[in-house]
Amino acid sequence: MELLNDMALFVEVAHARSFRRAADASGVPSSTLSRRISGLEKAIGLRLLHRTTRKVELTEAGQLYFERCRRIVEEARITHEQLGEMLAQPSGVLRASLPVDFATIYMAPLVAEFARRYPGISFEFDLTPRRVDLVTEPFDVAIRMGELADSNLIARLLARLPVQVYASPRYLELSGEPMHPSDLARHECLGLPKANKWTLQREGEVVEVEVGGRFQVNSVGMFRRLATLDLGVILLPQEIASEDVAAGRLRLVLPQWHGTPTSVYALTETRLLPAKTQRFIEFLHEHLGQRPRGAE
């Protein structure tokens with residue numbers, strides 16, 4: 001990069017045939033121009049300029065170097081401008097691995113808005129439950145929820161989503177409404193396998209309760225659906241439950257109590273990201289981060 005900068009300074013001096021005029025055009029002091037070009041000549045091993053008190057002339061080597069450097073510097077300038085335009089309007093195929101239920105229930109409208117904002121980007125989404133390998137598979141980014149396993153991947157925290165307890169109105173009518181987290185031990189609680197202990201907190205008070213039920217499902221979408229069918233109580237991020245709450249299929253239970261917030265991360269193999277991936281991560285952080293009590 002330093003060589004390219006020196007070449008650009010040389011082109012400026014050679015074009016102006018004057019250190020003073022080149023200094024005025026580039027904003028670099030004449031003394032610095034002279035020193036940098038002297039260093040360039042020393043590195044090359046040839047004199048490029050004849051300097052007098054009145055003017056600057058190109059040597060034979062300087063004329064050849066000027067013709068070549070002028071094209072190189074111009075190509076670099078054009079490339080730099082094109083990359084700047086690409087950052088402003090990124091394009092290409094964005095390949096992302098997304099959590100199945102969170103993507104379907106909550107992220108789809110965000111993706112639609114992002115697609116409208118950046119029409120040059122097309123999308124390939126993998127919504128299978130498997131954990132893709134960002135090192136060996138052609139994915140640009142993976143969105144993950146919950147605690148992360150240790151890895152060499154770069155993890156960016158997008159948000160912490162607030163979590164609360166929900167049940168259908170019919171279930172509460174039939175089984176009664178819990179008034180304290182300890183009451184959940186007597187209810188049908190739907191959740192992921194091995195998630196048999198729920199931790200709820202309220203203004204510094206923390207309660208852990210052993211829960212159980214007839215259904216343990218490895219799909220958030222499935223146990224959310226079972227809850228709307230009056231089969232039990234669920235502990236879920238507000239964003240995922242909001243649609244059913246608005247439609248009256250679920251109701252907030254223990255409204256003063258909250259579960260441990262669910263973290264949402266963007267995982268990439270490297271910090272050096274193409275514009276399409278960088279904009280997608282920034283967009284998700286902006287929108288997920290706006291959520292009350294879940295933003296960070």
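Which helices each supply at least two residues of the lining of the second largest pocket? In this predicted model, they are α1, which covers residues 2-16, and α4, which covers residues 60-88. The second largest pocket has a volume of about 360 Å³. Its lining is made of 13 residues, and those closest to its centre are Ala8, Val73, Glu74, Ala76 and Arg77. By class, six of the lining residues are nonpolar, three are polar and four are charged.

The largest pocket holds about 1,100 Å³ of space. It is lined by 36 residues, of which Met145, Gly146, Leu192, Val220 and Thr262 are the closest to its centre. Several elements each give at least two residues to this lining. The helices are α5 (100-117) and α7 (220-228). The strands are β5 (141-145), β8 (197-202), β10 (233-237) and β12 (258-268). Strand β12 contributes the most, with five residues. The lining of the largest pocket includes 20 nonpolar residues, 10 polar residues and six charged ones.

Empty space can be located by rolling a probe the size of a water molecule over the atoms. A closed space was also found. The count comes to one cavity of 30 Å³ or more. The volume of the largest cavity is about 60 Å³. Part of its lining comes from Cys189, Leu190, Gly191, Leu192, Ala195, Asn196 and Trp198. Val211, Gly212, Gly213, Phe215 and Gln216 also line the cavity. Seven of these residues are nonpolar and five are polar, while no charged residue takes part. Leu192 appears in both settings: it lines the cavity, and it is among the residues closest to the centre of the largest pocket.

Helix α5, which helps to line the largest pocket, is bent. The bend is about 65° and falls at Met107. A proline, Pro109, follows within four residues. Met107 itself is buried. Other buried residues of α5 are Asp101, Phe102, Ala103, Ile105, Tyr106, Leu110, Val111 and Phe114.

Helix α9 runs from residue 275 to residue 288. Its 14 residues should span 20 Å at 1.5 Å a residue, and the end C-alpha atoms are 20 Å apart, so the expected and modelled spans agree. The helix is mostly covered, with 10 of its 14 residues buried. The buried residues are Ala275, Lys276, Thr277, Arg279, Phe280, Ile281, Phe283, Leu284, His287 and Leu288.

Arg279 belongs to α9. Its relative accessible area is 17%, and the cut-off for burial is under 20%, so Arg279 counts as buried. The side chain of Arg279 also makes a polar contact of 3.2 Å with the side chain of Glu282.

Backbone angles give a further point of interest. Most residues other than glycine have a negative phi. Arg17 has a positive phi, near 55°. Leu254 also has a positive value, near 50°. Both residues sit in loops. Arg17 lies between α1 and α2 (19-26). Leu254 lies between β11 (251-253) and β12. Their surroundings can be set side by side. Arg17 is partly exposed, with a relative accessible area of 31%, whereas Leu254 is buried, with a value of 3%.

Conventions:
Residues are numbered from 1 along each chain as its sequence is written. This is a predicted model: local features need pLDDT of at least 70, side-chain atom pairs count only at pLDDT 80 or more; totals for chains, interfaces and linings use all residues. Side-chain values use heavy atoms; hydrogens and water are left out. On a 1 Å grid over the protein atoms alone, a cavity is a set of points where a 1.4 Å probe fits but cannot get out, and a pocket is an open set with protein on both sides within 12 Å along at least five of seven lines; lining residues have an atom within 4 Å of a point. Grid points are joined across faces, edges and corners, and a volume is the space filled by probe spheres set on the points. Ala, Val, Leu, Ile, Met, Phe, Trp, Tyr, Cys and Pro count as nonpolar, Asp, Glu, Lys and Arg as charged, and the others, Gly among them, as polar. The bend at a residue is the angle between axes fitted to the seven residues ending there and the seven starting there. Buried means under 20% relative accessible area, exposed over 50%, partly exposed in between (1.4 Å probe, protein chains only). The expected span of a helix is 1.5 Å times one less than its number of residues. A polar contact is a pair of N or O atoms within 3.5 Å; within protein, one must be able to donate a hydrogen and the other to accept it, and residues adjacent in sequence count only if both atoms are side-chain atoms.
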